[in-house]
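Below are some remarks on the model you sent, set out as numbered points. They deal with enclosed and open space, the metal sites, and a few details of the helices.

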Amino acid sequence: MTASGGGFLRVRVLRSGSAGNAILVEACGTRLLVDAGIPLELVERELAPLGLEATDLSAILLTHEHDDHARGAGAVARAAGIPVLANERTLRHAAGALGGVATERFTTGVPFRLGAFTVDPFPVPHDAVEPVGFVIEVDGLRVVVAHDLGAVDGVLRERLPVADLILLEANYDPRLLSVSAYPWFLKNRILGPTGHLSNESAAQAAVWAARGRKAQTILLLHLSEVNNLPPLARDVVRWALEREGVTTTQVHAVRPPGGGPLWEAGLEPPSVP
Ligand SMILES: [Zn+2]
Ligand SMILES: [Zn+2]
């Protein structure tokens, strides 16, 4: 099947934050859930305004096995009768949450077809067994998902400038983190190279992404409810872009533990000979 047929690529962050993450990516009848760290009931409640039910989903993709990304995957996959896709090590470590549902393996670094989409699972630095981000592509439109990572490395930098929509972690403000009541071991984990991204690191990534000279949208995800504020995260990234003279990038911060705005882009209609 070719993806071309007109229509829309639709993306909606159903939930983002340490309480649970799930993102819907839909085009041409293929509906992917990237991570399912929330209960089935919440997935269904968030899908309803889009005119969808869990049984309309095609597959679940897991970035990594942490509870806030995988805890609902088994229940959603069972209710929808769909497979969970992840790399071998993530599937093994998430086995408790998956409870016997159908699983399919992908290999980190090897792109594959999934319905209307091409999916590129790329490695990210994070303290899970084999964490990945995704580039999800249809008809030349690319969505980059990178929402638990300790640093923006060359692998991600390569993928940012060609993206149309970037779902990027902006977990903490360093000043709020330093004065918060979090214990030091946790602060050090968050600050470390395999922990989480600061607003400043997200801002640097946004500036780098703008090198591609595309009209991009960036949704800032996985904001800490303790160590960050959505307007602050958004403004740190916007100001960095403004300083570089970038005016074409839209930036929104998704308030935890809620969902984000609906992002849509038209797909090319098939050419008539
Ligand atoms: Zn994680
Ligand atoms: Zn997480």
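1. How many cavities of 30 Å³ or more does a search of the whole structure find? In this predicted model, the search finds one such cavity, and its volume is about 40 Å³. The residues that line the cavity are T63, H64, V124, V132, G133, V145, A146, H147 and D148. Strand 9 (132–138) and strand 10 (141–146) are the elements that give two or more residues to this lining. By class, the lining residues of the cavity divide into four nonpolar, four polar and one charged.

2. The zinc ion (ligand 1) has as its protein donors H64 (NE2), H66 (ND1), H126 (NE2) and D148 (OD), which lie 2.1 to 2.2 Å from the ion. Along the chain, these donors follow the spacing H-x1-H-x59-H-x21-D. H64, which is also named in the cavity lining, is buried, and H66 is buried as well.

3. Why is the arrangement around the zinc ion (ligand 1) irregular? The four donor atoms subtend angles of 90 to 168° at this ion, and the arrangement is therefore irregular; for four donors to count as tetrahedral, all angles would have to lie between 85 and 135 degrees. As a point of reference, ideal angles at a metal are 109.5 degrees for four tetrahedral donors. Please keep in mind that water is not among the atoms, so sites may look incomplete.

4. The zinc ion (ligand 2) is coordinated by D68 (OD), H69 (NE2), D148 (OD), D148 (OD) and H222 (NE2), at 2.1 to 2.8 Å, so that D148 appears twice in the list of donors. The donor residues of this ion are spaced D-H-x78-D-x73-H in sequence. Two of these residues link distant parts of the chain: D148 sits in the loop between strand 10 and helix 6 (154–159), while H222 sits in the loop between strand 12 (217–221) and helix 10 (230–243), 74 residues apart. Both D148 and H222 are buried.

5. Which residue bridges the zinc ion (ligand 1) and the zinc ion (ligand 2)? D148 coordinates both ions, which are 3.6 Å apart. D148 is also among the residues that line the cavity of point 1.

6. Turning to open space, the largest pocket has a volume of about 200 Å³. The pocket is lined by 13 residues, of which S18, N171, R189, H196 and H222 are the closest to its centre; H222 is thus a pocket residue as well as a donor to the zinc ion (ligand 2). Helix 8 (residues 184–191) gives the largest share of the lining, three residues. The lining of the pocket has three nonpolar, six polar and four charged residues.

7. In helix 1 (residues 40–47), the buried residues are L40, L42, V43, E46 and L47. They are on the same side of helix 1 because they cover an arc of only 165° around the axis. E41 and R45, on the other side of the helix, are exposed.

8. A233 belongs to helix 10 and has a relative accessible area of 0%, so it is buried. A233 and A253 are 20 residues apart in sequence, and their C-alpha atoms are 6.7 Å apart in space.

Definitions and conventions
Residues are numbered from 1 along each chain as its sequence is written. Chains are lettered from A and ligands numbered from 1 in the order in which they are written. This is a predicted model: local features need pLDDT of at least 70, side-chain atom pairs count only at pLDDT 80 or more; totals for chains, interfaces and linings use all residues. Side-chain values use heavy atoms; hydrogens and water are left out. On a 1 Å grid over the protein atoms alone, a cavity is a set of points where a 1.4 Å probe fits but cannot get out, and a pocket is an open set with protein on both sides within 12 Å along at least five of seven lines; lining residues have an atom within 4 Å of a point. Grid points are joined across faces, edges and corners, and a volume is the space filled by probe spheres set on the points. Helices (H or I, at least four residues) and strands (E, at least two) are DSSP runs, numbered from the N terminus. Ala, Val, Leu, Ile, Met, Phe, Trp, Tyr, Cys and Pro count as nonpolar, Asp, Glu, Lys and Arg as charged, and the others, Gly among them, as polar. Donors are N, O and S atoms within 2.8 Å of the metal (3.2 Å for Na, K and Ca); water is not among the atoms, so sites may look incomplete. Buried means under 20% relative accessible area, exposed over 50%, partly exposed in between (1.4 Å probe, protein chains only). Four donors count as tetrahedral if all angles lie between 85 and 135 degrees; four count as square planar and six as octahedral if opposite donors are over 155 degrees apart and all others between 65 and 115; anything else is irregular. The arc is that of the directions from the helix axis to the C-beta atoms.
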